[in-house]
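Welcome! Take a moment to turn the model around on your screen, and then let's walk through it together.

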Amino acid sequence: MKPEPKKPEDVIPTYDREGAQWAQSRDRRLTERPWLDRALAVAPHPKGRKRVLDLGCGAGRPIAEYLLDRGCMVTGVDASRPMIELFAKVVPRAIALHADMRGLKLSETFDLILAWDSFFHLPPDDQRAMFRTFADLAGPGAALLFTSGPHAGEATGRVGDSDVYHASLDPGEYSALLDDAGFDVLGYWPEEPACEGHTIWLARRR
């Protein structure tokens, strides 16, 4: 008998429960660095330090730490209260906001928006709606860096000792959604071997 598939509404409770353990075991080799560097290279900085919005920021290590060390101003957003409290402790130089990325409204825009290993926890319709949110939060010329699945469908991942929901749209639909939201695709790396099989998107706001 197959186990019951995980549901998107279970994602936040799963991170509430498993997040601290997951953060301790998180790979800190920063295999993401080449893509973070690419995004930083194209992100504007009209006010000096680059303003980065990290959606689904988790505990902040190693990505937010790296961005802060690169001189960025980082705002982390996570829907799990235990995770954002851990983020605030791990990277006290950053701004920590307990909020859901879906429909997020803030009083400022950003030079780089990051949704690494977080965006793919949203169900398909919520992912589609996020592109308007990305556009609203992006300043002129802002970079957008996110990970997805390699093809349309739902899957089950793992956080700590628990299964967790994942979903993806088709790459062609992501391209169309980015274009409709005013972003140009700068790079697409499906199941990138140099980054542990992540499927990575880099785009820039027109």
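Leaving aside its neighbours within four places in sequence, which residues is Phe 119 in contact with? Keep in mind that this is a predicted model. The contacts of Phe 119 are Met 101, Gln 127, Met 130, Phe 131, Phe 134, Phe 146, Thr 147 and Tyr 174, once those close sequence neighbours are set aside. Below, you can meet this residue properly, then look at the whole protein and its cysteines.

**Phe 119 and its surroundings**

- You will find Phe 119 in a loop, the one that runs between strand 4 (110-115) and helix 5 (124-137).
- Phe 119 is a buried residue, because its relative accessible area is 0%, and buried means under 20%.
- Try locating Arg 102 as well: 17 residues separate it from Phe 119 in sequence, and the C-alpha atoms of the two are 9.6 Å apart in space.

**The overall fold**

- Six helices and nine strands make up the list of such elements in the protein.
- The radius of gyration of the protein is 16 Å, which agrees with the value near 17 Å that a compact globule of 206 residues would have.
- If you draw a box along the principal axes, the C-alpha atoms fill roughly 55 × 40 × 35 Å.
- Take the contacts in the protein with a separation of 6 or more: 65% of them are between residues 24 or more positions apart.

**Surface, burial and charge**

- Of the 206 residues in the protein, 50% are buried.
- The accessible surface of the protein is about 9,800 Å², and carbon and sulfur atoms account for 51% of that area.
- The protein has 26 positive and 31 negative charges, and the mean positions of the two sets lie 6 Å apart.

**The cysteines**

- A disulfide is a covalent bond that joins the sulfur atoms of two cysteines.
- How many disulfides does the structure hold? The count is zero.
- Cys 57 is in no disulfide, and its nearest cysteine sulfur, that of Cys 72, is 15 Å away.
- Cys 57 is also buried, with a relative accessible area of 10%.
- Why does Cys 195 not bond with Cys 72? The sulfur of Cys 72 is the closest cysteine sulfur to that of Cys 195, but the distance is 18 Å, so it is too far for a bond; a disulfide needs the sulfur atoms within 2.5 Å.
- Cys 195 counts as buried too, because its relative accessibility is 0%.

Technical notes:
Residues numbered from 1 in each chain as written. Predicted model: local features only at pLDDT ≥ 70, side-chain atom pairs only at ≥ 80, totals over all residues. Heavy atoms only, no water. Buried < 20%, exposed > 50% of the residue type's maximum accessible area, 1.4 Å probe, protein only. Helix = DSSP H or I, 4+ residues; strand = E, 2+ residues; numbered from the N terminus. Rg over C-alpha atoms; globule rule 2.2 N^0.38 Å. Contact = heavy atoms within 4.5 Å. Areas by Shrake-Rupley, 256 points an atom, 1.4 Å probe, with all protein chains shown as cover. Lys, Arg positive; Asp, Glu negative; His and termini not counted. Charge placed at Lys NZ, Arg CZ, Asp CG, Glu CD.
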